[in-house]
Protein chains: 2
Amino acid sequence: MAARRPQQTRGHHTRTAVLEGAGRVFDRSGFSQASLSEIAREAGVTAGSMYFFFPSKQDIALAVIAEQNARTAVALQAAATASSPMRGLVDASRAIADQLLADPLVRAGIRLSLEEGTLSVPTNGYYRDWIAGVAGQFRLAHAAGEVSPAFGDDELALTLVPYFTGVHLVSNVLTGRADLYPVLETMWRVFLSGVATPEHAAGLLEHARRGFAGRPVAIG
Amino acid sequence: MAARRPQQTRGHHTRTAVLEGAGRVFDRSGFSQASLSEIAREAGVTAGSMYFFFPSKQDIALAVIAEQNARTAVALQAAATASSPMRGLVDASRAIADQLLADPLVRAGIRLSLEEGTLSVPTNGYYRDWIAGVAGQFRLAHAAGEVSPAFGDDELALTLVPYFTGVHLVSNVLTGRADLYPVLETMWRVFLSGVATPEHAAGLLEHARRGFAGRPVAIG
């Protein structure tokens with residue numbers, strides 16, 4: 001068995017290289033216009049070794065979406081242990097914004113998830129997981145008295161996740177994400193003005209303002 | 001000249017049929033997977049007569065986007081003369097929601113505008129026009145004292161248009177737009193709670209609640 005280890009390591013490296021390369025290609029071109037040969041070239045692997053891991057373009061796309069969700073989920077996990085649940089959520093949105101700016105695989109996964117009719121397998125399970133995770137965060141925020149009880153955990157999650165989605169998509173269409181920080185700050189200003197409790201609103205608004213001050217580090 | 005009129009009328013009919021057929025095809029499949037022969041078949045026209053109006057698939061897509069914007073713009077134009085500018089904006093969002101539910105061409109135009117990297121011509125001018133139109137509506141709302149002066153016209157438009165975009169996209173991904181009315185009601189509840197002035201908030205919230213009560217008429 002020990003003799004196989006180098007092979008497995010090389011295999012893991014190939015798989016990772018394919019995902020990173022596919023992320024760059026899908027980010028540029030979307031699913032339909034991406035070709036397997038372009039992905040192999042971008043990944044710097046042979047077509048044969050790529051096919052060993054991924055028999056089809058759809059298999060690659062699904063693996064990119066899974067990897068994107070693993071990466072973005074890390075940002076939300078950190079929020080769950082924040083002393084202020086809402087500040088944790090603001091920080092998570094900043095961390096995901098930075099992933100969008102710096103990581104083509106994250107951009108690709110989100111893009112592929114929203115392209116209806118291109119993948120034959122539904123990928124909205126990830127969206128449901130996201131909304132469930134954010135709803136858990138709002139449950140903590142309600143318990144901490146940070147958000148108004150007039151809004152339910154689930155409805156807040158089911159409106160904040162689409163709000164964030166729309167803001168970064170339109171930021172991309174209009175400015176190539178150059179204005180991502182200021183438009184996310186406005187999102188939080190509107191959202192927190194609407195749902196934060198009076199005793200927490202000012203502190204949360206100030207946290208969001210500071211979180212999105214300055215300019216993005218990298219427009220990748 | 002009179003002798004040409006039937007020809008022009010038939011030509012206008014062909015052009016309209018192509019746009020409607022292309023709307024259905026792009027709505028189902030997106031740009032890359034749509035074929036010219038499928039569009040001609042769906043439109044019930046010959047390939048030759050279609051090529052006469054549209055030499056390429058991209059020409060058809062751009063015409064679909066232009067027609068979608070003409071149709072959705074009608075909804076916003078009505079808002080400009082409403083006695084309450086914010087109620088007019090709520091009603092416009094309901095009218096566009098109904099177009100999204102009933103009109104494949106509207107769905108297709110919005111989908112094509114958001115697919116980066118597929119059309120070689122930028123289509124974000126329409127987005128800018130939209131944001132400018134909505135900003136004009138917020139200018140009226142500010143003058144009428146309906147929204148807080150803490151938010152600017154442009155920043156409100158630049159956040160409401162993406163919010164609406166994200167809400168209807170995620171509604172499509174999660175439920176095929178079956179929950180479009182309730183998620184738009186939540187959008188307005190969060191948004192108006194955040195930006196409406198105290199003296200107008202209750203009336204505007206009630207207007208939005210009634211505007212999205214009941215169930216969508218058609219899931220097209």
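Visitor: How can chain B be laid on chain A?
Guide: In this predicted model, a turn of 180 degrees with a shift of 0.0 Å along the axis lays chain B on chain A with an RMSD of 0.0 Å, superposing by least squares on the C-alpha atoms of residues with pLDDT of at least 70 in both. The two copies are thus related as by a two-fold rotation axis.

Visitor: And which helices cross at roughly 90 degrees?
Guide: Helix H9 (residues 180-195) of chain A and helix H9 (residues 180-195) of chain B do, their axes coming within 7 Å, where axes are lines fitted to C-alpha atoms, for helices over the stretch in contact, and angles run from 0 to 180 degrees between N-to-C directions. H9(A) and H9(B) are therefore roughly perpendicular (65 to 115 degrees).

Visitor: Which residues of H9(A) make the contact?
Guide: Val190(A), Phe191(A), Ser193(A), Gly194(A) and Val195(A) make it, a contact meaning C-beta atoms, placed from the backbone, within 7 Å.

Visitor: Changing topic, is Arg128(A) buried or exposed?
Guide: Arg128(A), in helix H7 (residues 124-143) of chain A, counts as exposed because it has 11 C-beta neighbours inside 10 Å; the cut-offs within 10 Å are 12 or fewer for exposed and 20 or more for buried, with partly exposed in between.

Visitor: How far is Arg128(A) from Leu158(A) in space?
Guide: They are 9.2 Å apart, C-alpha to C-alpha, and 30 residues apart in sequence.

Visitor: What about the numbering and confidence limits?
Guide: Residues are numbered from 1 along each chain as its sequence is written, and chains are lettered from A in the order in which they are written. Local features need pLDDT of at least 70, side-chain atom pairs count only at pLDDT 80 or more, and totals for chains, interfaces and linings use all residues.

Methods: Helix = DSSP H or I, 4+ residues; strand = E, 2+ residues; numbered from the N terminus. Parallel < 35°, antiparallel > 145°, perpendicular 65-115°, else oblique. Contact = placed C-beta atoms within 7 Å.
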